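User: I'd like to learn how to read an interface between two chains. Can you walk me through it?

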Amino acid sequence: MTRTRLQTPTVYPAWNLALPRLPPRSRLYRLEPIGVGTPAVESLTGYITRLAAAHSVDTGTLFREELVPLFNRSYLLTPEGKPVPSALVFIKTIHALNGMSRGAAAWVSALETLTRFDHLRYLTLLAWKDVLTLRSLTRTKRAWCPDCFTEQREQRQPVYDALVWTLNCITVCVRHRQRLETLCPQCGKWSALLTGKARAGYCFHCQAWLGSSVEARGDTDDGFSGALMDDVRAATVVGEMLALSPKFPALLARHRFSTLVSEHIAHCTKGNTSAFARFIEVDYLKVKQLKSGMNLPPLDVLVHILQRLGLSPSDFFSGSQAMVDLPDQRDIQPLPKKSKVVGFLQSALTDANRPSTGELAKRIGYKQEGQFRQTCPELCKAITARHKPARSPQSFYRPRLQTDRAIRDALSGALEENPVPSLQTVAERLGYKYAATLKGRCPDLYRSLMMRRRMHLRQKAEQTKRVLEAVLEEDPPPTLRTVRQRLGYTTDTTLKYQHPELCQAIIARHKDFVQAITMKIQPALEGALTEYPPPSVRQVARNVKRSIGKLYRLAPALCRKIAARRLEHLAHRAAQKRAALRCEIKRAVVELHAAGIYPSPARVTRILPASVAYLMRREDSLKLYGEALHELGIGG
Amino acid sequence: MIADGSFPPDLLSQPAPARLAYFTALTIAHPMLRDAYEDLRCAIRETAPGSLILVQGPAGVGKTTLLQRVEREINEEMLPELEVDPERVAVVRLEAVAPEAGSFNWKDYFRRLLFALEEPMVERKIAAAAAATAPHNNLTMLASHYAASAKLRYAAEQALHHRRPLAVLVDDAQHLAIISSGRKLLDQLNTIKSIANMTQTTHVLTGTYELLALCNLSGQLSRRSIGIQLTRYRAGNDEERQAFINALWTFQQHLPLNATPDLVTDWDYFYERSIGCIGVLKDWLTRSLAVALRAGGERLTRRELERRALSVAQCAKMLAETIEGERRLTETEEARGALRRNLSLEAETTAAARPTTEQPTPTSRARGRRRVGRRQPVRDQIGVKSA
């Protein structure tokens, strides 16, 4: 290589290959929750199934691997601290996930950590925590609308489970106006809200597609029943509620509902709670509780109130006035003034009828006397003190189911019976659920029946013991099953419980017996294979004193071999006999022919030795005869 | 600390392992590398998502370094977006591992891809039961011969779809060609191509010239792929020769020794034993440096360097492979002529004067013309447009 003139070399810069510090990535994919802010919002359980499907793992695997470590609950971990397989099964209240409980909040925060999202709480009802009560809020069994699934699939949108379907009071689909399904059309099972192999749009058990078939759709336009439409309306209201929560969370603060109720009472019925209760068709006591804030309304009650007031959820919670026609204000009795109340009560003290505070309340226009106690408690006490002695005695107890006499008769009758019935039976006959009532009502007869029953049972036990001991002597030893059937029991449990050692002995005895048979049979069969002449299976069976079926069951291949061998031997013998016959026939024919007698079959038969003569009766023997004649050239 | 121009002075006071580590971590941006990097970044930026980019070059020329640099730069660029979107991954880099026996192991490839994407629960992936699972993003389960890799493949596609990296950088992709029978060679690249297409993610495949065999297998593949070359420096070319010398000089300046050795005067020896590949040169220098540091760290003698050099036989073998690959990539006039003739742009010429090519083809023979209609037994030039 020729050396050219070297230029002054330049230095090249150095490159930095180290990676920069990256902000942490979300551990799971950030699937966008569907429908937040609309009535068709996705449920949290549905979201979890979609998340698992996106990662192409089972839902149970996602739960176990990713969520359990975040929860740190001891019952989900093995002693080493790893998650238990099928941990999802241990969460019995999985349906509460979509609700408002602390558990739901924990799940939401765990998922938000994993996906680095922050608005997953709108997939549950957590926003309504301070407005609704938890009672019968969420379903335990999964419900869905098949048409919704089919529609989503056709429009190539992700299939998902809606949050409205997890609510107990929703039974219809608003879009398609049909009832929600709870049972899988293929396997017929219902499922919980989330299982190990859950997938949105498919049955959690058999993985069948839950969408409707094409034919079933589209023919629900005729005859919407009234009840269905009511449910659809209620469901629409709930949908609006769900759409409301992400947008205006401040509207759903604590005690807001009770404040609003009070406002509405004041507006609609001039503060008269019972009139308001009548107006909105809700039980008075319930309204009282809601107004005071003592209880939160269940979802169906809230929906009912909204419907009766004619308000949409957003209107209601922003404080609008009722839109429907208010009841005639003149019909509503205004509440009496305080001063009047006091005067009224004082005058009642001198009333000759000695009324109770309840009656007084009704007279004055209240529904109950609670208001009295608030304003003037001492007066109330005085009134009640006056009233109580004048009251007719009330029985606070529920009337008795049976009279004492009936019970005594039943018990004494039972004592005479044979076999003695149990106390439980007698109680049930009388219509009671438990026998304890009888004990309280009629202790002596109760006790004697109990003793008689015990004695009877003891005798029965003795009897069975004797029977079992007898069975131990039986030969061949029966199975415990036969014994039990003989005695009339349907299961082994009682026998085993009462006489464990005897039962074990019976079982063991039978087992040994079977073993012995097997042990005897096997060598006998094998021996038969080498015997000469080869015996039939029946003979072997006779030798071991068992049935042929038993032999075949125990060693079918061997038996077949023996049988084949026998058949072969018999065929061989038959062939031999035929050959012998042929010889003899030939000999006889020759003899006769030599003697000048025509060898007719009868003559030949007479000459034949006895060992083969009887064979001549057979047709094929005549053939042999014919052949012999032919061979010897004798016509015939 | 890596400083431009030379090593930091205080490095000399540090212990030997630190000095060795410094030099080992050094990467210099020599012209070929820089150009290839620019080309690659342009290609990634400009091509439609879902394309294939093939980077070819001999062993030791710096392909892995190139990918590392691309990975770093893309991550730097996308930092603001990564802050905002925690789902997204900027770029994925993985190696196509050579199988111990038999065909290329796709299952392993997908698993590495999933780990590189930081996917959880990799061992628990199941096959999605029906294609109807995710019809909205067009990822369907392909009926695959190999069920075990099928579920990992589906999971990998899902992961790429959700994480949306800018590109997937596959190093040592020539291992894809390790299969039992030639019939399935096309399937290998088709797999990559279909994944790239399905997830709309650009794939960059890096490998030696064996990669060429894969991409010329079908016209469709050739159409969708872009080729970039990272070649060695050729001494016959003035510029390249100078570039090699510059690189050698830079290395020389960065050797953390008390006495800076003079390597440039004997540059042709260094060229001879590295065949112009900077990577080979650097490894050689690193080995020698290690020995020198163990001995005391004062100087690097010629003797040490000679002992650590590759043997002539090794260099000859490397060079032969490289030249073969380079030759096949070079576009020649004859190939172009053949292309034009096939396109009917030129008439068939009988006695085509064969112009001189850059590198003499060793297989052309001057024989007497055979019968009319019979082609002369020479190799047809095939080529791939370099970017």
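User: How many salt bridges does the rule find across the interface of chain A and chain B?

Analyst: A salt bridge here is a side-chain nitrogen of Lys or Arg within 4 Å of a carboxyl oxygen of Asp or Glu. Across this interface the rule finds two. For example, B:R124 pairs with A:E65, with 3.3 Å between the closest N and O atoms. Keep in mind that this is a predicted model, where local features need pLDDT of at least 70 and side-chain atom pairs count only at pLDDT 80 or more, while totals for chains, interfaces and linings use all residues. Side-chain values use heavy atoms, with hydrogens and water left out.

User: Which helix gives the largest share of the side of chain A that touches chain B?

Analyst: Helices are DSSP runs (H or I, at least four residues), numbered from the N terminus. Helix 2 of chain A gives the largest share, five residues.

User: How many residues does each chain bring to the contact?

Analyst: Contact means heavy atoms within 4.5 Å. Chain A brings 47 residues and chain B brings 63.

User: And what is the area buried between chain A and chain B?

Analyst: Buried area is the accessible area (1.4 Å probe) that two parts lose on being put together, summed over both. Here that's about 4900 Å², with carbon and sulfur atoms giving 59%. On the chain A side, A:Y12, A:W15 and A:R25 lose the most area to chain B, together 19% of what that side buries.

Key
Residues numbered from 1 in each chain as written. Chains lettered and ligands numbered in written order. Helix = DSSP H or I, 4+ residues; strand = E, 2+ residues; numbered from the N terminus.
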